[in-house]
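Colleague: Could you take me through one part of this model at close range? I am curious about the backbone in the loops, and I would be glad to hear about some surroundings too.

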Amino acid sequence: MPARPRPPAGSTPLLRRLATAPGGRRAKWLVLAAWLILVAALGPLAGKLGEVEDSSSNAFLPGSAESAQVNTELEKFRGEDEIIPAVVVYSRGSATTPADAAEARADRADFAPLVARGEQIGGPVPSADGKALMLVVPLSTAGDDITGDVEKVRSVAAANAPPGLDVEVGGPAGSLIDSIEVFDNLDSTLMLATGAVVTLLLLLTYRSPLLWLAPVLSVGFAAVLTQVVTFVLAKYAALPVDPQSAGILMVLVFGVGTDYALLLIARYREELQRHEDRHDAMRLALRRSGPAIVASAGTIAVGLACLAFADINSSRSLGLVGAVGVVCALLAMITVLPALLVVTGRWMFWPFVPRCTGAPAAEEAGQQATRTVWTRIGALLDRRPRWSWLMSVAVTAVLALSATGITMGLTNAEMFQDKPESVVAQEKLSAHYPSGSSDPATVVVRTAARAATERAAAAVPGVESVETADRTADGSLTSLSVVLRDAPDSAAAERTVDRLRTAVHRVDGAEALVGGTTAESLDTRRAAESDLKIVIPVVLAVVLLVLVALLRSLLAPLVLLATVVLSYFGALGASHLVFAYLLDFPAMDNSLPLMGFVFLVALGIDYNIFLMTRVREEVALRGHRAGVLTGLSSTGGVITSAGIVLAATFAVIASMPLVSMAQLGVLVGIGVLLDTFLVRTVLVPSLALDIGARIWWPSRLGRAQQPPAGSRAPEEGGTGEAGSSPDPGGRSLERV
């Protein structure tokens with residue numbers, strides 16, 4: 001086709017020229033060279049992200065929690081030789097035998113070389129019911145080989161156990177090692193699994209042995225940049241990073257980055273069918289799809305960044321780290337991906353290479369309107385819009401009703417999909433000993449008030465015993481070990497901690513603080529409830545402002561926000577059904593409602609942005625009804641593909657051993673699919689059709705409109721302007 005006249009130099013705004021530069025004849029090489037130099041120079045830093053991850057207890061606690069303050073105070077008690085006990089429990093279904101006691105004594109002698117200097121092994125202590133024996137082995141962390149020491153304890157204890165005797169190693173040391181193993185190699189495992197899922201889905205989507213390479217390589221560049229930026233910010237700007245957020249970060253980058261790649265490639269393919277010069281095609285693809293992609297990434301990043309207002313450190317970490325990942329994914333998808341596609345040329349689409357037909361856009365769109373399923377869906381919605389959105393709301397509301405039966409709070413035994421040895425050991429200890437004996441509460445007091453604090457603590461109902469544990473080198477602080485009668489992860493133990501705090505806080509001059517596992521669980525649960533009340537309004541307000549600025553309307557953003565919130569509750573209810581009846585999870589993690597809300601609102605609005613920005617563009621050209629239907633048919637296929645990819649990447653998290661991560665993966669995956677196939681497909685378009693042009697109030701589009709002369713909505717069997725381009729397999733790759 002004849003070359004399209006180019007605007008004179010200087011007539012294009014600088015920002016637009018920069019945005020479309022990766023599609024330029026010379027700029028594409030500069031972009032690729034810059035990325036290669038960047039990755040080569042900074043790549044080694046990406047492998048150092050683990051060095052700045054905080055895996056301490058406080059990384060997962062509320063920053064203002066009393067239990068977190070106790071952990072900070074306990075640092076004053078620790079020299080280089082920190083003590084952490086491993087608890088070995090020997091148990092039978094019947095009374096233990098003399099051979100069992102002899103085995104425990106022999107193990108005690110074998111454990112001696114592992115014991116910290118100046119410490120002694122406690123036990124074997126028989127249980128009151130005579131069915132168990134317990135050894136407490138104080139291990140040292142000074143040699144930085146606590147993992148090896150615990151493994152030696154476990155191997156020795158299991159080596160010569162008499163027949164019928166169960167031996168498990170738990171306690172704080174066992175729990176620490178089991179937690180480390182959960183997160184060990186988590187980043188690489190998630191990255192490999194997510195990369196495999198994305199590659200498979202791209203192969204199925206494009207049916208090309210080559211095209212999938214461009215988005216996967218681009219996401220790889222984004223992953224490296226994300227890890228480098230996260231490392232630098234964590235090291236020099238105090239960005240909180242924990243193993244959980246670092247693992248989910250890679251899933252988010254792969255999912256969001258692939259979504260943007262799908263949208264850009266679909267538009268690029270369409271432009272290749274209209275323009276002979278691939279550079280012109282890419283510049284137009286960037287110009288027309290870029291604003292929606294940037295707005296989407298901005299909304300997700302800002303929404304996740306709102307988690308900075310959360311009190312729980314792990315929530316803050318995931319939000320801020322996730323925002324960094326989304327921004328890095330955006331940069332890669334609008335720079336290196338266009339450059340790769342333009343450098344490789346049309347043959348990258350082989351065997352379905354798009355050829356320039358020279359057909360005008362409107363004519364081509366009209367020819368393809370009859371070939372897309374989304375045109376037929378739009379026609380159905382157009383016939384009965386009110387019935388359509390009412391049925392959508394009803395379906396979502398029924399799912400949401402299931403959320404009323406949710407049980408919140410996972411115990412320590414429920415935190416893993418497969419019970420580690422430390423959890424089994426704790427269950428045995430709880431069955432045969434005072435439940436809190438292996439994991440007592442800790443009270444830190446001024447030494448001068450130690451005696452009075454001990455008396456106050458011992459008088460608290462639910463406290464089994466109180467004893468002095470340690471003293472700081474300067475003698476100013478003393479720690480008390482308080483054994484609770486109930487299991488450390490039980491509601492009864494939490495009530496005892498509340499009573500204990502009330503009692504010791506009343507001791508004059510004690511400045512007492514109560515911590516330990518039970519106190520940490522209690523503080524986390526309460527902080528999660530508080531964070532919901534603080535963060536959710538902030539997220540809604542921020543996302544609403546972004547939508548108002550993007551759509552230049554007040555009513556449309558409110559409608560979109562309401563649909564996403566409804567979708568969230570539907571996803572929460574559906575997830576509860578999956579957890580209860582398919583995965584057999586007894587409860588939801590305390591942090592899940594907030595984390596799920598932030599992710600689903602940000603990601604759900606993401607797809608609505610792609611839909612409604614295109615609808616707004618079409619409404620300005622065709623009128624309201626035609627614009628809504630054209631926008632739906634134009635964006636349907638590619639957004640659906642993007643939703644499936646994103647849901648599949650988050651589903652990878654569901655395979656992780658930590659239940660809280662698995663639950664987040666399931667919730668976000670279900671929510672994304674609900675947004676993709678119901679909210680964006682039926683609910684939002686039918687609401688827009690039923691409300692009419694008033695949905696754009698107070699902008700000029702909100703006035704009563706008539707379609708421009710000669711245009712009409714795409715109807716089944718008609719020739720409306722759908723603006724979609726078919727792929728060679730008979731499907732349509734709709735444009736955004």
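Modeller: Happy to; here is a walk through the loops, followed by a helix pair and a surface patch. Please keep in mind that this is a predicted model.

Let me begin with a little background. Most residues other than glycine have a negative phi, and most peptide bonds are trans. The loops here hold exceptions of both kinds, and I will take the phi angles before the peptide bonds.

Arg207 is not a glycine, yet its phi is positive, near 50°. You will find Arg207 in the loop that links α7 (186-206) with α8 (213-236). Is its side buried or exposed to solvent? Arg207 counts as partly exposed because its relative accessibility is 32%, and the partly exposed class runs between 20% and 50%.

If you follow the chain past α8, you come to Ala238, in the loop between α8 and α9 (243-272). Ala238 also has a positive phi, about 60°, without being a glycine. Its relative accessibility is 64%, so Ala238 counts as exposed, the cut-off for that class being over 50%.

Now for the peptide bonds. Trp350 and Pro351 are joined by a cis peptide bond, with omega about 10°. Pro351 sits in the loop between α12 (336-344) and α13 (361-368). Another cis peptide bond links Trp697 to Pro698, and there omega is about 5°. Pro698 belongs to the loop that runs between α23 (659-691) and β9 (724-726).

From the loops, let us turn to a pair of helices. The axes of α3 (residues 66-74) and α19 (residues 517-551) come within 8 Å and cross at roughly 135°. That angle makes α3 oblique to α19, because angles from 115 to 145 degrees fall outside the parallel, perpendicular and antiparallel classes. On the α3 side, Glu66, Ser67 and Asn71 make the contact, and they meet Ala519, Glu520 and Asp523 of α19.

The last stop is on the surface. Leu577, Tyr581, Leu582 and Leu583 form a nonpolar patch there, and together they have about 450 Å² of accessible area. One of these residues, Leu583, lies in the loop between α20 (555-581) and α21 (592-622). With a relative accessible area of 37%, Leu583 is partly exposed. Why can Leu583 be part of a patch at 37%? Patches are made of residues with over 30% relative accessible area and no salt bridge, so the 37% of Leu583 is enough on the area criterion.

Methods
Residues numbered from 1 in each chain as written. Predicted model: local features only at pLDDT ≥ 70, side-chain atom pairs only at ≥ 80, totals over all residues. Heavy atoms only, no water. Patch = residues over 30% accessible without salt bridge, like charges linked within 9 Å, V, L, I, M, F, W, Y side chains within 5 Å. Areas by Shrake-Rupley, 256 points an atom, 1.4 Å probe, with all protein chains shown as cover. Salt bridge = Lys/Arg side-chain N within 4 Å of Asp/Glu carboxyl O. Helix = DSSP H or I, 4+ residues; strand = E, 2+ residues; numbered from the N terminus. Buried < 20%, exposed > 50% of the residue type's maximum accessible area, 1.4 Å probe, protein only. Axes fitted to C-alpha atoms, helices over the stretch in contact; angles between N-to-C directions. Parallel < 35°, antiparallel > 145°, perpendicular 65-115°, else oblique. Contact = heavy atoms within 4.5 Å.
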